[in-house]
Amino acid sequence: MIQRLLLNLRVVGSLGARSVKQTFRRPQLMAPIIVFPTLLLAIQTSGAGSAIGLEGFPQVNGFLDFMLAGAMVQSTLLAGNSGGIALAVDIEMGFTDRLLAAPISRFAMVLGRLAGTAVLGAATACWFLAIGLIFGVQIEEGVPGALLMILFVSLSAIAFGAIGAAVALRTGTASVVQGLFPLVFVILFLSSAFFPADLILEPAGSVAEYNPLSFVVDGIRDPTISVLTAEVFWKAVGAIVLILGIGIGFSALALRHRLRTGG
Amino acid sequence: MIAIEVRGLTREFGDEVLAVAGVDLEVAEGEIYAFLGPNGAGKTTTVRMLTTLLRPSGGTATVAGHDVVRDAAAVRRSIGVALQEAALDPLMTGRELIRLQATLHGLPRAEGRRRGEALLDRVGLDRAADRRVGTYSGGMRRRLDLASALVHQPRVLFLDEPTTGLDPVSRKAIWEEVEKLNDEGTTVFLTTQYLEEADMLADRVGIIDDGRIVAEGTPGSLKAEIGRPHLEVRLAEGEFDRAEEIVARFGTPMPARDGAVLVELQGGAADVAPVVRALDEAGLAVESLDLVQPTLDDVFVAKTGYHLEGDDQEVAPEAMVEAEQPA
């Protein structure tokens, strides 16, 4: 039993490493994770910086302090989507058959992909933290706050990756998963990622207020701009668990369906 | 000892498609069994069921003594699989892929690396091992796929159309490797649409058409069933129909292939001279004449009514030998 668990953990590690290498070797997977969010961050902070003067805007040292969490979540959402695309490509080219014909847990294939997405999430969190620190962001909660941000970003990457994996397993088509790209931005703009939810006009403001993504963003943002309260912390954890649960649940169902029907 | 035992295996897709319609077969340990059939005959679906990638709709199958449904994990531990179109990640290097395969089969890291290196060397990919698979030729991909299927030393090896799309040199290299593996005791179940491949490699051949096995036996016994040799006549010019009429007097006409008139000679080789005389008397100039011993293609034609390779021309019903039940 323990031996089997250890084997599956080793397999998940190997598949995670493959997933990370695959992303670095395929520029079209890397670009949405690092390049797009960084460009958007640069454009928004330079063009909309005066927003911090609006009444009701959180007290921040600069707009970049506020925007950093949004860029991180944008990156993890797109990492999840890219992970889904990569899994769908594996299905299309038959690589998943290689995994399914091996004596391992069949869900290891999904967990391996998610492990890779988590590593990418951590890497992007470090990237944006570095950008923030270079351009003058101060992490109010210090090093523990930065570590917590990296943890939240990694966990949310797994959660979003699980949603991407579910779509990939259900459809088996990379172009369908790629089609979720615009949806990612809709969800992102209907949250507090780039603007405080209570300053967004109705009805978008109400949607943003209850969007689970807003809870995740706030959990990542608060260590930077203020003190992370227990309420924000648990809301972020709850939102991640909810998204992860939905993603894993649908992934398991989709994998079961795929194994039963053969495609 | 039986390596693969299949009884009444069926697979339906939806209500209308019956891809495999009650296949029965047995493969002895140490045997090379070729599953021969055209595209869409049910070869790959059968292999996918035997390799636990697809659940059967009905029937039973055991591989290396384990049931493919109830004991799928044990089956997966006992088999090596190289599927159609060499499903390899083009972004990985050959070495990375074979090491991943070793991990998937639970080999300790050092052991996996040692076997991986030995196999890369064996299939002639040691110098290309650090190149990405995307830069490999079709033959190199197939050899890598074969090597990765062997990393855990499987008892039974499934090869799904291992040489489809390969040039003759690469095809021969794969054949040699398969023969070597078999000599070392590995049972090989291969699907192919190439008659020559089945003829060259297989101890026994199962011909599958429309989801059913229509003939089974050694290549020699299957050909012997067909019996008589046939004559292949090429005319210098035209009058194909008249030539067919004339040769039909000497035996059973067979479906034309590549512009040649074919007849299964009733009197064997002794009928060649009379056929030539008859054509000459009719004023038909013969360009070439070949007396051809029965091949697996003839067996295939006899059992299914059409050629596996070449044209798709239907055979006249009277030319068909009644398909017998597989042995």
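Select chain A, which has 11 helices and zero strands; helices (H or I, at least four residues) and strands (E, at least two) are DSSP runs, numbered from the N terminus. This is a predicted model, in which local features need pLDDT of at least 70, side-chain atom pairs count only at pLDDT 80 or more, and totals for chains, interfaces and linings use all residues. Residues are numbered from 1 along each chain as its sequence is written, while chains are lettered from A and ligands numbered from 1 in the order in which they are written.

Keep chain A selected. Along the principal axes, its C-alpha atoms fill a box of roughly 60 × 35 × 35 Å. The radius of gyration of chain A is 19 Å, which agrees with the value near 18 Å for a compact globule of 263 residues; it is taken over C-alpha atoms, and the globule rule is 2.2 Å times the number of residues to the power 0.38. Of the 263 residues of chain A, 47% count as buried (20 or more other C-beta atoms within 10 Å of a residue's own, with C-beta atoms placed from the backbone).

Next, select residues 2-25 of chain A, helix H1, and residues 108-134 of chain A, helix H5. Their axes come within 7 Å and cross at roughly 50°; axes are lines fitted to C-alpha atoms, for helices over the stretch in contact, and angles run from 0 to 180 degrees between N-to-C directions. H1(A) and H5(A) are therefore oblique to each other, since angles under 35 degrees count as roughly parallel, over 145 as roughly antiparallel, 65 to 115 as roughly perpendicular and the rest as oblique. Among the residues in this contact are Gly13(A) and Gly16(A) of H1(A), and Gly112(A) and Gly116(A) of H5(A); contact means C-beta atoms, placed from the backbone, within 7 Å.

Now add residues 94-104 of chain B, helix H3. The axes of H1(A) and H3(B) come within 9 Å and cross at roughly 155°, which makes the two helices roughly antiparallel. To see where they touch, show Arg10(A), Val11(A), Ser14(A) and Arg18(A) in H1(A), which meet Leu100(B), Thr103(B) and Leu104(B) in H3(B). Val11(A) is also one of the H1(A) residues that meet H5(A).

Finally, widen the selection to the whole contact between the chains, which takes 21 residues from chain A and 21 residues from chain B. On the side of chain A that touches chain B, H1 and helix H4 (95-100) are the elements that give two or more residues. H1(A) gives the most, with seven residues.

Technical notes: Contact = placed C-beta atoms within 7 Å. Buried ≥ 20, exposed ≤ 12 C-beta atoms within 10 Å, placed from the backbone.
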